Amino acid sequence: MKRSATAVWNGTGKDGNGSVSTQSTVLDKVQYSYKSRFENGTGTNPEELIAAAHAGCFSMKLAFVLNEAGFTADEIHTDCTITMEGMSITSSHLVLKAKVPGIDKAKFDAAAADAKANCPISKLLNTNIMLDATLV
């Protein structure tokens, strides 16, 4: 399986602008710029897209891990915050709230830790990954 995306940039790093598009066209020439990345400008940015990818990947991996253990989540809600300091991504912080009928806290924590360590985006990121997991 291969997935693809395209970025087009015009101009200088600070004064230029660009767009990103995905193979699925869910993102289709979505604007990004210095202001959307480093200030509060309109558009997306690479760090926001990484956060979305990590939250989505982790949530799906957790669903698989829970299913293998005999559980089905009613809901897995994951927020992800990517921290960038200087020109380096220094951390990815996952905040999980999940409703999983019949599971105890120890099994839930083990499943969440497994998903954190083994989702493909976690494996891709070369940064500190933190997880706060709450069973609701």
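The following paragraphs lead through the predicted model, from its overall make-up to helix α2, the aromatic pairs and a loop.

The protein is built from four helices and six strands. Read from the N terminus, these elements follow the order β-β-β-α-α-β-β-α-α-β. Along the principal axes, the C-alpha atoms occupy a box of roughly 55 × 30 × 25 Å. Of the 136 residues, 29% count as buried. The exposed surface amounts to about 8500 Å², and carbon and sulfur atoms supply 52% of it. Among contacts with a separation of 6 or more, 49% join residues that are 24 or more positions apart.

Helix α2 covers residues 46–68. At 1.5 Å a residue, its 23 residues should span 33 Å, and the end C-alpha atoms are indeed 33 Å apart, so the expected and modelled spans agree. At the start of the helix, a side-chain oxygen of Asn45 comes to within 3.2 Å of the backbone nitrogen of Glu47. Just after the helix, Gly70 adopts a positive phi of about 95 degrees.

Part of α2 is hidden from the surface. Its buried residues are Glu47, Ala51, His54, Ala55, Cys57, Phe58, Ser59, Leu62, Val65 and Leu66. In an α-helix there are 3.6 residues a turn, so residues three or four places apart point the same way. The cover over the buried residues of α2 includes the helices α1 (34–38), α3 (105–118) and α4 (120–124). Strands β4 (75–85), β5 (88–99) and β6 (128–135) also contribute to this cover.

His54 offers a detailed view of these surroundings. This residue is found in helix α2, and its relative accessible area is 0%, which means that His54 is buried. Beyond its neighbours within four places in sequence, His54 is in contact with Cys80, Ser92, Leu94, Cys119, Ile121, Ser122, Leu125 and Ile129.

The structure also holds two aromatic pairs. In one of them, the ring centres of Trp9 and Tyr32 are 5.0 Å apart and the planes meet at 55 degrees, so the pair is tilted. Trp9 belongs to strand β1 (residues 5–10) and Tyr32 to strand β3 (residues 30–33); the pair therefore ties together parts that are 23 residues apart in sequence. Trp9 is partly exposed, with a relative accessible area of 32%, whereas Tyr32 is buried at 14%. The rings of Tyr34 and Phe38 have centres 4.9 Å apart and planes at 45 degrees, so this pair is tilted. Tyr34 and Phe38 both lie in helix α1, four residues apart, or about one turn of the helix. Tyr34 counts as partly exposed at 24% relative accessibility, and Phe38 counts as partly exposed at 37%.

The backbone of the loop between β2 (17–22) and β3 deserves a separate look. Thr25 lies in this loop and has a positive phi of about 70 degrees, although it is not a glycine. Lys29 lies in the loop between β2 and β3 as well; its phi is positive, at about 55 degrees, and Lys29 is likewise not a glycine. Thr25 has a relative accessible area of 52% and is exposed, because the category begins over 50%. Lys29, at 64% relative accessibility, also counts as exposed.

How values were computed
Residues are numbered from 1 along each chain as its sequence is written. This is a predicted model: local features need pLDDT of at least 70, side-chain atom pairs count only at pLDDT 80 or more; totals for chains, interfaces and linings use all residues. Side-chain values use heavy atoms; hydrogens and water are left out. Helices (H or I, at least four residues) and strands (E, at least two) are DSSP runs, numbered from the N terminus. The expected span of a helix is 1.5 Å times one less than its number of residues. Buried means under 20% relative accessible area, exposed over 50%, partly exposed in between (1.4 Å probe, protein chains only). Contact means heavy atoms within 4.5 Å. A polar contact is a pair of N or O atoms within 3.5 Å; within protein, one must be able to donate a hydrogen and the other to accept it, and residues adjacent in sequence count only if both atoms are side-chain atoms. Rings of Phe, Tyr and Trp (its six-membered ring) pair if their centres lie within 6.5 Å; planes under 30 degrees apart count as stacked, over 60 as edge-to-face and the rest as tilted. Accessible areas come from the Shrake-Rupley method with a 1.4 Å probe; for residues, only the protein chains shown count as cover.
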